[in-house]
Amino acid sequence: MGWTGSVLIALVLAIMAVASVWYAASRLDRMHRRVDNAWNSLHLQLTRRASVALGLAHEGLWDPVSSMVVAEAARASLEAPPWGPEHSELSAALRAATGDRAQIEADLRVADREPLLRELASAWYRAILARRFLNEAVTMTVRLRSRRLVRILHLAGRTPMPESCDIDDAPPDGLVAG
Amino acid sequence: MRIGLVCPYSFDVPGGVQFHIRDLAGELIDRGHEVSVLAPAEDLARLPAHVVAAGGSVPIHYNGSVARLSFGPLAARRTRRWLAEGAFDLLHVHEPVAPSLSMLAMLTASGPLVATFHSAQTKSRAMRVASPLIRGAMEKIVGAISVSEDARRTVMDHLGVDSVIIPNGVHVDVFAQAAADPRWRATAERPVVAFLGRLDEPRKGLKVALAALPRVRAAYPGVRLVVAGAGDAADELGQLGPHRAAVELAGPISDAEKAGLFKGCSVYIAPQLGGESFGIVLVEAMAAGAPVAASDMAAFRRVLDDGRLGRLFRVGDAEDLAAAIVATMGESAATGRQVEAASLAVRRYDWSTVTERILAVYETVSGR
């Protein structure tokens, strides 16, 4: 094989190497953007859930004590970042206020309570979805960043390693059907 | 919202995924969304206005049956054009790992992407072949949906992707309020056992149903086995001998006829041998108030709540199927309780609930 052949092979290998690095970098970039978007979406849905909860507290869906506790927790949730413990506290307050499965099923049969509870269920389901989609994106990104090519070439740059969101968003039993 | 739906399988032939997409598009349009469906199709005259045909399809063995899929440069070009012209707020592809339009759309798409996994049997060999490219495409799925727990586990095992479960939808009230079709209405002397599914697709289990027939006839000499579905089963039917007289071929039936059959039958049987991830027909039969007996496989066991909502028999076991049919028709009090519980349980599969959940995914994914 002459030197032109060797150069040609080297050139092809170099192009392939560059292409695979470019492909890995673009995938990583897309995943980082997906994680950012997922945090924004989670923030939006948690804000909505807190607004609905605050509204329900003022509508008199619950007894005055429960309403006060929920309203306070909802205000804190509205001001908290999406990873804050305030959302878990709102979840706990709402679970206590809405009661057990029997209570929720009874309330769903009362004409002026049913739409309010449905509104809460709907907002809560979206918050659950948003957190699951975020954590899935985080898992994929971490997996991608653990690849040798990504680590050796520092393809992630200075973007911090994404972390999953571990707030407690377990809904009251019987509110959001599984 | 402007929503693009991609169907991998040809709209020219009936199928669970096609029906799901057709009905979902209808529900979304009813709620005021703009919807366009991209699907393989050649018979353009029968397509609704919102379905865009991506051209012809090729029969491919996939997931234990023959699927009609579109691929190749023409399909790729049409997919790119549909995406460009659609300018969708959200793209929803179905069965994304099938080598099809869904995958073509995923490779091209840049906006928010939702994907629904229908199958519980993913071809991992095909996935390993194209692995790096497919992995890149999978990372574009912001909201992954599985139609059942079984489908979710398959996706988790093969692709390492977690998904939320939203079942397939059924128009529960249409089935609940249907009138029994006089052609197939059961009487005390002539009970009706209903079977639905392609006759020439072994995994639908027609063979098991036919093998169970002699035992059922011993207990109920007037029993009629009504077999609805396309395909040819002359060989199997020829081997039945004197029992052939009890089998009635209804051919392919419409949705309305299906509801009428369920409404009047004594029992609907689902003797599938495998490859089922959900069991939509089972839910439809339950919605119509038909007693049901189904193969004891994970997907059906879940739909029947471990036998609380209908009887389960060992997969592929004709003797056990015959016993289940005889028990369903003989033990009327127990069967009545199952039917009553089933009519409540199927509400979670109603399109009103299912559409609300899918829209929740759309809104979460698109950040609305």
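**Figure 1. Where chain B meets chain A in this predicted model.** Welcome to the contact between the two chains, where 13 residues of chain B are in contact with 19 residues of chain A. On the chain B side, strand β8 and helix α15 (351-366) each supply at least two residues. Look for α15(B) to get your bearings: with five residues, α15(B) gives the most to the side of chain B that touches chain A. Sorted by class, the residues on that side of chain B are five nonpolar, four polar and four charged.

**Figure 2. The open sheet of chain B.** Which order do the seven strands of this sheet follow? Reading across, the order is β3-β2-β1-β6-β7-β8-β9 in chain B, and the pairing is parallel. At the edges sit β3 (51-53) and β9 (164-165) of chain B, each of which pairs on one side only. Strand β8 (residues 141-146) of chain B runs parallel to β9(B), and two bridges join them. To find one end of such a link, start at B:Ser146, whose bridge partner in β9(B) is B:Ile165.

**Figure 3. Two helices that pack against the strands of chain B.** Helix α1 (residues 16-30) of chain B packs on the sheet, where α1(B) touches β1 (2-6), β2 (34-39) and β6 (90-94) of chain B. The direction of α1(B) makes about 165° with that of β2(B). Helix α6 (residues 149-159) of chain B lies across another set of strands, namely β7 (113-117), β8 and β9 of chain B. Here the angle to β8(B) is about 135°.

**Figure 4. The two domains of chain B and the contact between them.** Domain 1 of chain B takes in residues 2-169 and 350-366, while domain 2 covers 172-347. Taken over C-alpha atoms, the centres of the two domains of chain B are separated by 30 Å. How many residues does each domain bring to the contact? Domain 1 of chain B brings 16 residues and domain 2 of chain B brings eleven residues. You have already met α6(B) lying across strands of the sheet; α6(B) also provides three residues, the largest share of the side of domain 1 that touches domain 2 in chain B. That side of domain 1 of chain B has four nonpolar, nine polar and three charged residues.

**Figure 5. A covered helix, α11 of chain B.** Is helix α11 (residues 280-287) of chain B mostly covered or mostly uncovered? The helix is mostly covered, as eight of its eight residues are buried. The buried residues of α11(B) include B:Ile280, B:Leu282 and B:Met286, and B:Glu284 is buried as well. Just after α11(B), B:Gly289 takes a positive phi of about 85°.

**Figure 6. Positive phi at two residues that are not glycines.** In chain A, follow the segment after α6 (148-152) to find A:His154. The phi of A:His154 is near 50°, a positive value in a residue other than glycine. Is A:His154 buried or exposed? A:His154 counts as exposed because it has 8 C-beta neighbours inside 10 Å, and the cut-off for exposed is 12 or fewer. In chain B, look in the loop between α12 (298-303) and β15 (311-313) for B:Asp306. B:Asp306 has a positive phi of about 60°, although it is not a glycine. With 9 other C-beta atoms within 10 Å, B:Asp306 is exposed.

Technical notes: Residues numbered from 1 in each chain as written. Chains lettered and ligands numbered in written order. Predicted model: local features only at pLDDT ≥ 70, side-chain atom pairs only at ≥ 80, totals over all residues. Pairing = 2+ DSSP bridges. Helix = DSSP H or I, 4+ residues; strand = E, 2+ residues; numbered from the N terminus. Contact = placed C-beta atoms within 7 Å. Axes fitted to C-alpha atoms, helices over the stretch in contact; angles between N-to-C directions. Buried ≥ 20, exposed ≤ 12 C-beta atoms within 10 Å, placed from the backbone. Nonpolar A, V, L, I, M, F, W, Y, C, P; charged D, E, K, R; others polar. Domains from an automatic or database assignment.
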